[in-house]
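Here is a single chain to work through. The questions below take its features one by one.

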Amino acid sequence: MASSLTCAGMIWAFLSFLCAAASCVGFFMPYWLLGSQLEKSVSFGTFRRCSYPVRDESLQTTVMVEQCGRYASFQAIPSTEWRICTVVTGLGCGLLLLVALTALMGCCVSELISRNVGRMAGGIQFLGGKCHLLHVRAAGAHGGC
């Protein structure tokens, strides 16, 4: 198979894919914050949570649901900051995946990635990384995203 990438370009494609995959896994995992509530271990991320309290109206008490799940809707995400984090981090992951998959295709298809396309992909990758940095700064400034 012909390639439109140099050796350095192939290394960039491989590292871009690894970075995008790690970012996406981190985004989808509900282990951003760990703690305990009602003597149970709990954890949650921007749009998933594990072991969360639910009000049981029949017993008039709060019980812990010991399973992982998504929030029922976007509005059910606990705060505006967490909603913004979800959108910005998701956008960053999408941009990183777009560049990584295009670069991997460039390893197999000749004439796919020219100098201008490579520069544009680098710019898109920079924006994806910047989305992640904004998320990290917001998390640090607000004690959690």
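Q: In which helix is I11 found?
A: This is a predicted model: local features need pLDDT of at least 70, side-chain atom pairs count only at pLDDT 80 or more, and totals for chains, interfaces and linings use all residues. Numbering starts from 1 along each chain as its sequence is written, and side-chain values use heavy atoms, with hydrogens and water left out. Helices are DSSP runs of H or I with at least four residues, strands are E runs of at least two, and both are numbered from the N terminus. I11 belongs to α1.

Q: Which element gives the largest share of the nonpolar patch?
A: The patch joins nonpolar side chains (Val, Leu, Ile, Met, Phe, Trp, Tyr) within 5 Å, from residues with over 30% relative accessible area and no salt bridge (Lys or Arg side-chain nitrogen within 4 Å of an Asp or Glu carboxyl oxygen). Its members are I11, F14, L15, F17, L18 and L101. Five residues come from α1.

Q: Which elements give two or more residues to the largest nonpolar core?
A: Such a core is a set of buried (under 20% relative accessible area, 1.4 Å probe, protein chains only) Ala, Val, Leu, Ile, Met, Phe, Trp, Tyr and Cys residues joined through side-chain atoms within 4.5 Å. The largest has seven: C24, F27, F47, Y71, I77, W82 and C93. The elements are α1 (7–28) and α2 (80–106).

Q: In what order do the elements of the protein chain run?
A: There are three helices and four strands. From the N terminus, the order is α-β-β-β-β-α-α.

Terms used: Buried < 20%, exposed > 50% of the residue type's maximum accessible area, 1.4 Å probe, protein only. Patch = residues over 30% accessible without salt bridge, like charges linked within 9 Å, V, L, I, M, F, W, Y side chains within 5 Å. Areas by Shrake-Rupley, 256 points an atom, 1.4 Å probe, with all protein chains shown as cover.
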